[in-house]
Amino acid sequence: VQSILGYSPEEILGKTPFDLMPADQAKEAKNFFEGLIAEKHPFKNYENWNLHKDGHLICLSTSGVPIFDSNGLFTGYRGVDKDETARKLDEEVLRINEERYRTIVETTDDLITRVDLKGQILFVNHSSQKYWGVQPEECIGRSAFEFICESDRASTTEKFQKWLSTKQPLLTIENGQAHKNGNVSRFLWTVTPVKNNDGEITEFIGIARNLESLKKEEEIQGVLFDLINYSPGHQANECLVEFLFHAEKLTESNIGFYHFFDDDQETIKLQVWSKNTTESYCKASGVDKHYPLEQAGVWVEAIKQRKPVIHNDYQSLPHKKGLPEGHAQVIREMVVPVFRGEKIVSILGVGNKETPYTEHDIDVVQRLANLAWEIFIRKQAEEALSKSEERFRSMFREPEAIILIIDHLVRQR
């Protein structure tokens, strides 16, 4: 008792087991034991939490058998406790790690697989639906090699077998993965073996990164870097126009706009349209124009729903409003809000992509919209400071100006 709970035997005498438990655990344990006593059954490995003398929690695994006197009358239980705290903590750490692993696996865009020694799929994450057109559960038991495009299947098999013979810790290989609709995507695979305690390989884990996604990510990072470098020599509105140019380019759109909101969150301040929009699509006026949110078109759903919105069939929307004279004709659109705290401070919208907008487009535009906001606000502050300094300098250039400098005691100097 002393080694596990910190109490001497003398300190325990006269106490019930429930006296050593937290209140909620004591209540649960009482209900458990009341049922046992009624039936006078033995029990084994009942897990219960107890308080150590210094206050920290100890998990005990309790087993017991009923005691009967010489007349067969039930007198109580005799039992043993085993300290299971370390095991329970290990289980909790494992559970947390598994939850973290599961979250990563089920949110990544990468293709993640586990296959046995025969190449049959034991597990695949949700990306199988995106890249193979097959639900994860429908992939179990099928050969991973059947999803490799036919032109790469033989070479992949050869490289895989050669890698096994070298006993290297991982394999990096590129191949095409075939969707059931016939489309092929190029992937870069990293494959690692899983071994048992005897060092024998029992399965393989493969993580595949879509090469097109890698290329796009490199392009996006390059654009963001260029935009940051663009801002020092240009005015705030010029920066927004440049952001919209790249938003259109990265999403293959033909129109783009950036709107700001007043602090009341009910008034839209129309700031900037992309150069392509004003030159080729839209002649409607609007820069620095204020109007109530209730007068806006269907794109305002991004504000009402407080999340990115895609309309891939604009003309079929039953609640769309008519477009003002000179406004661009809209085929499809996508709008993302920019939050600062709980407030939506601006939105960036693009439209008229020839193919439907996707979640990838949302991610790209969201990153651009957030950076655009930061740069625009900083540029506005710089421009306001510059104007203030220029006004102050102009005062000293006036030959007939009288300038007084007064300290806090209101004494002329």
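How many salt bridges does the count come to by this rule? The count comes to 21 salt bridges, where a salt bridge is a side-chain nitrogen of Lys or Arg within 4 Å of a carboxyl oxygen of Asp or Glu. Side chains of opposite charge can pair when their charged atoms come close.

A quick word on the ground rules. What you're looking at is a predicted model, where local features need pLDDT of at least 70, side-chain atom pairs count only at pLDDT 80 or more, and totals for chains, interfaces and linings use all residues. Residues are numbered from 1 along each chain as its sequence is written, and side-chain values use heavy atoms, with hydrogens and water left out.

**Some of the salt bridges**

Here are three of these pairs, with the N to O distance for each.

| Negative partner | Positive partner | Distance |
|---|---|---|
| Glu11 | Lys53 | 2.9 Å |
| Glu84 | Arg87 | 2.7 Å |
| Asp361 | Lys353 | 2.8 Å |

Let's start with the salt bridge between Glu11 and Lys53. Glu11 sits in helix 2 (residues 9-12) and Lys53 in the loop between strand 1 (43-51) and strand 2 (57-68), so this pair ties together parts that are 42 residues apart in sequence. Helices (H or I, at least four residues) and strands (E, at least two) are DSSP runs, numbered from the N terminus.

How much of these residues is accessible? Buried means under 20% relative accessible area, exposed means over 50%, and partly exposed is in between (1.4 Å probe, protein chains only). Glu11 is partly exposed because its relative accessibility is 32%, and Lys53 is partly exposed too, at 45%.

Now take Glu84 and Arg87. Glu84 has 11% relative accessibility, so it counts as buried, while Arg87, at 31%, counts as partly exposed. Both belong to a network of salt bridges that links Glu47, Lys82, Glu84, Arg87, Lys88 and Glu91. As for the last pair, Asp361 is buried at 3%, and Lys353 is buried at 9%.

**A charged residue without a salt bridge**

Glu301, in helix 11 (residues 301-304), is buried yet has no salt bridge. The nearest side chain of opposite charge is Lys304, 7.3 Å away. (Lys and Arg count as positive and Asp and Glu as negative; His and the chain ends are not counted.) What does the side chain of Glu301 make a polar contact with? Its partner is the side chain of His311, at 3.3 Å. A polar contact is a pair of N or O atoms within 3.5 Å; within protein, one must be able to donate a hydrogen and the other to accept it, and residues adjacent in sequence count only if both atoms are side-chain atoms.

**The sheet and its helices**

Next up is an open sheet of 5 strands, in the order 5-4-8-7-6, with antiparallel pairing. Strand 5 (121-124) and strand 6 (171-178) are at the edges with a single partner strand each, so one side of each has no neighbour in the sheet. Two strands pair if DSSP finds at least two bridges between them. Strand 4 (residues 111-115) and strand 8 (residues 201-210) pair over 5 bridges, and Ile112 stands opposite Ile207 in strand 8.

Helix 7 (residues 150-166) packs on the sheet, touching strand 6, strand 7 (184-195) and strand 8. Contact here means heavy atoms within 4.5 Å. Helix 8 (residues 211-230) also packs on the sheet, touching strand 6, strand 7 and strand 8.

Technical notes: Lys and Arg count as positive and Asp and Glu as negative; His and the chain ends are not counted. Axes are lines fitted to C-alpha atoms, for helices over the stretch in contact, and angles run from 0 to 180 degrees between N-to-C directions.
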